[in-house]
Amino acid sequence: MERTPLTATEERHSVEELEDLAFELREKLLHLCGTYEGAVHIGGDLSAADILTALFEYGMNVDPADLANPERDRFVLSKGHAAVCMYIAMAIRGFLSYDDIVATYGQLDSAYGMHPCKVQLPGVEASTGSLGHGLPIAVGMALGARGRNDEHRVFCLLGDGETGEGSVWEAVMAARSNKLGNLVAFVDRNRQLMTSFAEERVVFEPYPDKWRAFGWNVIEIDGHDMSQIVAALDGLPASDSDTPTVIVAETVKGKGVDFMERNLAWHAGSLGAADLERALTALNASRVKETV
Amino acid sequence: MPATFTFGEMLSARSVIGTTLAELGDEHPNLYVLTPDIGATLVEFRDAFPDRFIDVGLAEQACVGIASGLAYDGNIPVVSGMLPFLSMRALEQVRTDVCYPNLPVKIIGTHGGLVGNGGSTHYAVEDLTLMGALTNMTVTSIGDPAMVGEVLRQSMTMEGPIYIRLAVGKKDKVLYEPGEHELRIGKGIIARQGTDATIFTHGTTVAQALDAADQLASEGHSVRVVDMWTLKPIDEQLILSSAAETGGRFVVLEDHLAYGGLATRIADVVADNGVHLTGFERLGIPQVYAGFGEDEQLRDKHGYGLADTVAALRRVISAQH
């Protein structure tokens with residue numbers, strides 16, 4: 001469904017531009033991780049970087065100058081530990097100041113911490129962090145939109161690990177039962193839990209089929225291929241349709257930094273100055289490799 | 001809500017919920033009612049506003065989470081169900097999704113206390129401790145069925161969440177004539193004036209406290225009965241004035257674990273204000289899983305029935321400074 005963007009004068013980014021923005025997001029993530037001495041959930045931030053870039057820069061109808069516009073699309077970060085990735089994606093889009101984030105992250109009275117808080121940072125849509133909570137909240141927001149015949153969509157990003165929580169599947173059933181075609185879930189399918197690789201401890205497969213069995217429209221993509229993410233967003237059913245959509249995005253935890261990729265040690269951590277250089281070098285190398 | 005009723009008559013709090021919500025649904029186009037498959041109470045609202053009635057089935061956690069999403073979106077959600085499950089299975093959703101962002105979600109339900117033959121899976125006896133622990137949560141427990149509608153009505157303009165505890169909700173004694181007491185969230189009701197001792201109570205045991213006060217009156221003692229229907233924020237002034245005016249003699253009676261509910265809240269106020277009491281007794285459920293039986297039998301068995309209440313009042317009245 002075509003809608004007038006809230007920022008009507010802005011042209012939509014090309015895939016190449018989105019890739020550049022995702023690279024910028026990863027760089028900024030690493031810089032924060034290099035300057036902040038406490039732990040940053042860098043592994044799950046890097047796996048979600050392309051999805052969040054695509055959402056804030058392309059897929060969602062939002063206006064940083066008009067946070068409360070009732071027509072805006074809503075975004076709920078169910079995997080709340082990716083808050084830093086969201087903060088920075090929002091900063092690049094113009095909602096927040098990256099310098100503020102870096103200068104205050106995790107400090108007393110900062111609006112920026114490990115998990116997002118709506119009260120402390122009104123620019124985010126919901127307070128999340130405890131896993132398995134975001135999708136029910138998104139269902140409530142989608143119901144509210146339906147009640148007013150609003151056309152905006154509600155997006156929600158989940159980690160695959162958190163879909164081990166029963167409350168997720170309660171919400172999956174509620175969304176289908178209430179015919180919420182205005183609800184779009186992304187699953188960041190990086191196949192890692194905090195302390196294990198997912199399929200070692202918990203059998204998730206056949207994962208997309210589980211969503212299909214609950215009656216959802218399922219789109220499977222490579223979550224690091226920007227053209228596939230864009231195609232999935234372009235191909236969403238109309239928001240007034242009956243079926244909620246899940247985009248199962250295959251990702252790599254730590255994506256873009258070779259020594260972090262698929263490495264359980266990098267669920268969360270901090271980089272010293274030397275490791276920051278090493279990480280940035282790796283990030284650059286990964287980009288060169290992919291563009292060759 | 002029935003237009004007329006008489007003190008001592010039985011009234012269904014459940015029907016009051018349904019009719020009140022249907023009325024409020026007209027006044028508030030953003031009022032939603034949600035339930036995890038306990039919708040019998042809500043038929044009047046469901047029939048009047050099917051698009052704003054959400055039955056999620058057996059899914060308390062999602063029910064509260066969805067209510068949160070609706071509230072974020074500018075709506076007024078009421079979640080109604082059985083309190084043992086809403087207060088425990090969905091506790092984290094209540095805390096994280098509702099109380100943390102301070103959203104105007106109302107949680108109202110039945111089966112507070114040892115209500116009948118359900119057994120301990122179906123008794124909410126820890127709920128006031130749990131809900132009382134949550135920042136931003138207002139906690140109430142209502143015995144008089146006619147009050148339910150008024151409290152729901154008042155709650156519509158509240159900024160944050162509220163928990164409204166009822167007993168089984170099928171047959172509740174009307175305690176007050178309409179307009180007899182001013183109802184204000186956060187203020188207790190002096191249901192009976194007295195000078196020799198105060199009995200504090202809430203919910204379904206208010207009627208029992210009044211009966212106990214009547215017995216003591218026939219023995220020449222004057223007992224104040226306070227219906228402390230808002231447990232949080234607690235009416236501190238009423239506790240302090242009752243200590244001063246009834247000889248520092250307190251009995252607290254509640255259909256809840258004896259520790260962690262109203263008695264604990266009153267003890268906190270007393271200690272924080274350095275008040276010296278002459279006597280303090282708490283009547284409630286000891287640390288046991290209570291078993292089966294009728295409400296009255298269970299209260300007698302566990303030491304907080306009418307006879308125990310009368311005995312406790314006699315003891316505090318005879319206590320020496």
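In chain A, the side chains of Ser47(A) and Asp188(A) are joined by a polar contact of 2.6 Å. A polar contact here is a pair of N or O atoms within 3.5 Å; within protein, one must be able to donate a hydrogen and the other to accept it, and residues adjacent in sequence count only if both atoms are side-chain atoms. Keep in mind that this is a predicted model, where local features need pLDDT of at least 70, side-chain atom pairs count only at pLDDT 80 or more, and totals for chains, interfaces and linings use all residues. Residues are numbered from 1 along each chain as its sequence is written, chains are lettered from A and ligands numbered from 1 in the order in which they are written, and side-chain values use heavy atoms, with hydrogens and water left out.

Ser47(A) sits in helix H2 (residues 42-59) of chain A. Helices (H or I, at least four residues) and strands (E, at least two) are DSSP runs, numbered from the N terminus. The Ser47(A) side chain also reaches the backbone oxygen of Gly44(A) at 3.2 Å. With a relative accessible area of 0%, Ser47(A) is buried; buried means under 20%, exposed over 50%, and partly exposed in between (1.4 Å probe, protein chains only). Leaving aside neighbours within four places in sequence, Ser47(A) is in contact with residues including Lys79(A), Asp188(A), Asn190(A) and His224(A), where contact means heavy atoms within 4.5 Å.

Asp188(A) leads us on to Asp160(A), since Asp160(A) touches Asp188(A), along with Val187(A), Phe204(A) and Tyr207(A), among others. You'll find Asp160(A) in the loop between strand S2 (154-159) and helix H6 (166-177) of chain A. Loop or not, Asp160(A) is buried, with a relative accessible area of 2%. Its side chain makes a polar contact of 2.7 Å with the side chain of Arg189(A). A polar atom of the Asp160(A) side chain also lies 2.8 Å from the backbone nitrogen of Arg191(A).

Now step back to chain A as a whole. It has 10 helices and five strands, and 58% of its 292 residues count as buried. For that many residues, a compact globule would have a radius of gyration near 19 Å, and the 18 Å of chain A agrees; the radius is taken over C-alpha atoms, and the globule rule is 2.2 Å times the number of residues to the power 0.38. Among contacts between residues at least 6 apart in sequence, 78% join residues at least 24 apart.

Helix H1 (residues 15-35) of chain A is a nice one to check: at 1.5 Å a residue its 21 residues should span 30 Å, and its end C-alpha atoms are indeed 30 Å apart. The expected span is 1.5 Å times one less than the number of residues. Among the buried residues of H1(A) are Leu18(A), Phe23(A) and Leu25(A).

What about the nonpolar cores? Such a core is a set of buried Ala, Val, Leu, Ile, Met, Phe, Trp, Tyr and Cys residues joined through side-chain atoms within 4.5 Å. The largest has 76 residues, and Leu135(A), Leu183(A) and Trp211(A) have the most contacts inside it. Its largest share, eight residues, comes from helix H3 (residues 60-72) of chain B.

Finally, look at Pro50(B), in the loop between helix H2 (43-48) and strand S3 (53-55) of chain B. Pro50(B) is exposed, with a relative accessible area of 53%.
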